[in-house]
Amino acid sequence: MIRSRRIVWAAGLGLLVIGTASCKKKEPPPPAETSAAPAPAPAPPAFAVQGVELGKSIDADKKVSTPTTTFGRKDTIYASVTTEGAAPSKTLSAKWTFQDGQAVKEQSESIAPTGPAATEFHISKKGLWPVGKYKVEVSVDGSPAGSKDFEIK
């Protein structure tokens with residue numbers, strides 16, 4: 001009888017040990033390390049000229065309302081230079097020429113863009129424009145950045 005008590009007692013103790021081990025809570029994983037400083041904001045895109053549009057008028061955002069490359073002899077001709085990116089200081093220049101490269105007008109604008117922007121240049125004449133082919137060449141800090149051919153009929 002003592003022996004059967006020992007067997008019962010040993011079996012009970014074994015079940016108790018197995019039951020306790022299986023009911024034990026698992027430890028949660030340690031929290032992921034986080035840095036104290038937030039991630040830096042992405043850098044703005046590099047400054048670049050996106051396009052040159054010509055037209056007879058511009059809107060409040062300095063963009064050409066209706067793009068065209070054909071003008072009348074009395075028209076004012078607008079060039080809208082669209083840019084993207086940020087820069088502390090850039091100089092946009094527009095050189096307007098007639099047929100064989102004869103200078104009509106040169107203009108410059110200093111800008112400090114922080115994102116997409118439009119810069120406007122224009123030419124007008126009290127009299128009539130000579131009929132022929134013209135060109136506007138745009139540069140940024142003296143480096144060519146775009147051009148557009150147009151005609152006055």
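**Exercise 1.** In which strand does Ser-139 lie, and does Ser-139 count as buried or exposed?

*Solution.* The model used here is a predicted one, and the first step is to place the residue in its element: Ser-139 belongs to strand E7. The second step is to compare its accessibility with the cut-off, since a residue is called buried when its relative accessible area is under 20%. Because the relative accessibility of Ser-139 is 16%, this residue counts as buried. The third step is to list its partners: when neighbours within four places in sequence are left aside, Ser-139 is in contact with Thr-91, Leu-92, Ser-93, Pro-144 and Ala-145.

**Exercise 2.** Describe the largest nonpolar core, and then follow one of its members, Ile-77.

*Solution.* This core holds 23 residues, and the members that touch the most others are Ile-77, Leu-92, Trp-96 and Phe-150. At least two residues of the core come from each of several strands, namely E1 (48–55), E3 (77–84), E4 (90–98), E6 (117–123), E7 (132–140) and E8 (143–152). Turning to Ile-77, and not counting residues up to four places away in sequence, one finds that Ile-77 touches Gly-55, Phe-71, Trp-96, Phe-121, His-122, Ile-123, Trp-129, Phe-150 and Ile-152.

**Exercise 3.** Summarise the protein chain as a whole.

*Solution.* Begin with the elements: the chain has one helix and eight strands, which follow one another along the sequence as α-β-β-β-β-β-β-β-β. Next, consider burial, where 24% of the 153 residues are buried. Finally, among contacts with a separation of 6 or more, 60% join residues 24 or more positions apart.

How values were computed. Residues numbered from 1 in each chain as written. Predicted model: local features only at pLDDT ≥ 70, side-chain atom pairs only at ≥ 80, totals over all residues. Heavy atoms only, no water. Core = buried A, V, L, I, M, F, W, Y, C linked by side-chain atoms within 4.5 Å. Buried < 20%, exposed > 50% of the residue type's maximum accessible area, 1.4 Å probe, protein only. Helix = DSSP H or I, 4+ residues; strand = E, 2+ residues; numbered from the N terminus. Contact = heavy atoms within 4.5 Å.
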